[in-house]
Every structure is written in structure tokens, then in C-alpha cells.
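Colleague: I would like to go through this model step by step. Please keep the answers short and show the reasoning.

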Amino acid sequence: MSGPAPLDAARVRALALDEGDELRSFRTQFSMPRGTGGEELTYLCGNSLGLAPLAARARVLEELDDWERLGVRGHEQGRRAWVGYAERLAPSLAQLAGALPGEVVAMNSLTVNLHLLLASFYRPTGTRFRILIEAGAFPSDRHLVTSQIRWHGLDPATALIELAPRPGAELLRMEDVEARIGAAGTSLALVLWPGVQYRTGQAFELAPIVRSAHRVGAMAGFDLAHAIGNVPLALHDSGADFAAWCSYKYLNCGPGAIAGAFVHQRHGDDARVPRLSGWWGSNPATRFRMGSEFELTPGAAGWQLSNPPILSAAPLFASLELFAAAGMERLRAKSLQLTAFLHDTLLAACAGEIEIITPADPRQRGCQLSVRVLGGNERARQIFTALERRGVIGDWREPDTIRLAPVPLYNSYLDAWRAAEQLAASLRDGRAPGR
Ligand SMILES: Cc1ncc(COP(=O)(O)O)c(C=O)c1O
């Protein structure tokens, strides 16, 4: 299909960039969704649900097979003995999180993990009881903190601080985050912040937030749902007290897959940190003596409650192998270029009809771009539906935003080009006659 000249030139550039992309073979390791006519879709929705690595099926089938062959003996004799499953995942997970292996654990789901971590790290007193989050946080995070506040007999009206961007702005400034923490001072118990904000795609440096929180004596924790596998992380060095993430977005582990958590070594090895416990957090060496006393496992593993859901954890092995082979540094290098390409192509192809909310500075974003369609909610919704009909899968956020995330592990520059071309075509079709 031939389009306007800038789109033609961008297509040539996309093909050249794909040709020179040293990571391009990784796309063949994933299953690309298809439309009803069997055609391959342009999938830019890894910010919501990452694609299935082909090896995920094999990993899950191996566990089913071990279960069928071995029954209960699979705990000890399975190819990846189930008793030590989480421990075996930790080293590669730690690589992605920028943590020590003992500081991470695969367990539960994201909101559950954040509740468990707040049970340990949100310990309000009469004078220090406030929690700071970003205004417009993901609803589950807001429910999480308001329910924690109420759980302690406090009132979110006084205990919850929600920091909004300056009037007329979409994005938060780091100096405003730091200033708000400073202003809350010793009343602040906890900062819970996103690594990458889900709606705007704004990425935050963790270390300055941690420093500001610690300066006033507060804890700093992070929701890394949109950050892990997307941007490089250095959780240990950032000094963060805790973090949690899900594995179904950029970690490509499937819907509802086992999530992850980080607890900094200084807390993980401290038996005095209070926690909600279960048998899987007690020392594996003595766990099966079935004693009545809880004997702590050092590190993040000590926050486990239950034996891990093997079938939902199996794809994580497949995924982490792909990340190890591609390398986070190479992925980030491609991601910067791929998202910049999508950014520039979208703005050139859809000039005057869209606005990109996500920061223009590549250091302040991951792979996702949040594209606002101008002209109001109804028109934006209609453009999103048209884009989907044209085979481009992004996702929709009320009232007028389409999120598009080119994922460096499996998306090509041509995918990014196609998304821009099809959005431009949807906008053309959606224009009222005579306008
Ligand atoms: C930023 C953020 N926080 C929390 C959640 C909730 O995750 P879960 O349902 O896995 O607990 C999500 C889910 O998409 C999210 O994007």
C-alpha cells in the first residue's frame, strides 16, 4: 500500500532497521496472534499481556508430564523438583531486577505481594502514618493503600497523599515528588511509587525517590508492573526497601502468572521485621519436620506463604532464558530506538490529530507510548475500534488514550511502522466528510 511520502520513507527506514537488528530472530521464539482470516496481527500490547514464548508450552507440558508420571514424587524427582522451584528462578529474576538472588522471590500475584509487603513496611504510628502515591495510580494500588490505611484504623482522607502533576500537565516532575516527600516530612510512613506509570508511560528513577523518602525516615517501595523486563532496574543499589511486579506483561509468562517481589537485603535478613507468614517462608531445611515454630528463611523467600503454583510458574523459566540470551542492555538499546521510531513516525503520520502523553525524553519512558486522540471521547473510541479492525492490537484507556508498546523482544520496526500507518488511515477514515 502506498501512503503519503513521509510514511513511504519511514517504511524504507523500518525495513533497514529490521535488517540491522541483531535481536530480530527472537521474534520467531514467540507466538504472534492472528486475525480471523489467519493473518498475523500487529501486536503492540505487551504492556498489558506479553506474547507467549513458544517454549512456555513445553515447560508447562513438562510439569504436567512430571505430575502424571510421578504424582507426589514430583516434589523431589521432577525435572525441576517442585520443592526448590522458586529458589531456582531467583538468580535470573534477580538479574532483571538488579538485585541479589536472595532479595527476590517468585510468588503469588502482584496485589497480594504488595499487601504482604505493606504488612511489613507500613507500620503507622500516631505521628508517622501517611502514604504517598501518584494521583491516578492504577486502581488496585489505590485500593491497596486505602484498605491498608483503614486496616490500621486510620482515615485515607488524612493519611493518603496523592501527588498530581502541575495544573495543565500530564507528567510528574521529579523535583515535585522530592518536594512533596520533604513537605510531608516525619508524618510520612511510606512512598509507594510506580517504576513506569501505567497510563502515561512515564518512567521514574528509583534512587532519588528512595533517598528523599529515607531522608524523612519513610520507607520506599515500588510497583514495577510496567517496569520489569521493560527498563533496566538496579533495585539493590537504589536502596529501595521493597518492590513487587507481575509477570504477564513484559515478562511474557501468561495471564495471571506467578508474580515477583523484592525485599532489600537489610530487611530480608532481619528476623525482627514483622510479617504475615506461612509454612513456605520457613527454613526449607526444617520445613518438613512440621514443627510448630516458624523458623525464618533469610531474604525475600521468607515472605512466601504457600508452595508455588508450578503450572503458572513454569513459563517464567522459558521467559527468563530468553531475557538471558537477549540481554537487558541490548534489549534496552533496541527499545530506545524502536520507541523513538514509533514516536517520530506517529507524529509525522498523524500530525494535528494526536498528542503523545508519554515523555519525549527517552530516558523517562520505557517502550510504551500513550497516544491521545484529539477530538473527544467518542471520536477517540471510534478510532481505537477502527485501528483494531485494521489488525493493530494496542489497548484503550479512558477517556481518549491508546497505549501502544513496541516490545524489543518480539516487535519489529515494521510493526511500529504499520501501527502508525494504520492509525493514520483510521484517522483519515474517521474524519467527517467536508472537514
Ligand atoms: C500498575 C499496576 N498495578 C497493579 C496491577 C494489578 O495487578 P494484579 O491483578 O496482577 O494484582 C496492575 C495490572 O495490570 C498494574 O498495571
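Colleague: Which residue in β5 does I131 stand opposite?

Modeller: This is a predicted model. Strand β3 covers residues 130-134, and three bridges join it to β5, residues 188-194. The two strands run parallel. Across from I131, the residue in β5 is L190.

Colleague: What is the order of the strands in the open sheet?

Modeller: The open sheet has seven strands, and their pairing is mixed. Its edge strands, each pairing on one side only, are β2 (104-106) and β4 (160-163). From one strand to the next the twist averages 15 degrees. The order is β2-β8-β7-β6-β5-β3-β4.

Colleague: At about what angle to β7 does helix α5 run?

Modeller: Helix α5 is made of residues 110-121. This helix lies across β3, β5, β6 (219-223), β7 (242-245) and β8 (260-263). The angle between α5 and β7 is about 170 degrees.

Colleague: Which strands does helix α6 touch?

Modeller: Helix α6, residues 139-151, packs on the sheet. Its direction makes about 155 degrees with that of β4. The strands touched by α6 are β3, β4, β5 and β6.

Colleague: How many of the 12 residues of α5 are buried?

Modeller: From first C-alpha to last, α5 reaches 16 Å, close to the 16 Å expected at 1.5 Å a residue. Buried residues in α5 include L110, N113 and F121. The helix is mostly covered, and the number of its 12 residues that are buried is nine.

Colleague: Which residue has a polar side-chain atom 2.5 Å from an oxygen atom of the ligand?

Modeller: The ligand is surrounded by L110, T111, F138, D141, D223, A225, H226, Y248 and K249. For D141, an N or O atom of the side chain is 3.3 Å from a nitrogen atom of the ligand. For K249, an N or O atom of the side chain is 2.9 Å from an oxygen atom of the ligand. The residue at 2.5 Å is T111.

Colleague: Is D21 buried or exposed?

Modeller: D21 lies in the loop between α1 (5-19) and β1 (42-43). Its side chain reaches the backbone nitrogen of L23 at 2.8 Å. The relative accessible area of D21 is 8%, and the cut-off for buried is under 20%. Therefore D21 counts as buried.

Terms used:
Residues numbered from 1 in each chain as written. Predicted model: local features only at pLDDT ≥ 70, side-chain atom pairs only at ≥ 80, totals over all residues. Heavy atoms only, no water. Helix = DSSP H or I, 4+ residues; strand = E, 2+ residues; numbered from the N terminus. Buried < 20%, exposed > 50% of the residue type's maximum accessible area, 1.4 Å probe, protein only. Polar contact = N/O pair within 3.5 Å; in protein donor to acceptor, adjacent residues only side chain to side chain. Pairing = 2+ DSSP bridges. Axes fitted to C-alpha atoms, helices over the stretch in contact; angles between N-to-C directions. Contact = heavy atoms within 4.5 Å. Expected span 1.5 Å × (residues − 1). Near = heavy atom within 4 Å.
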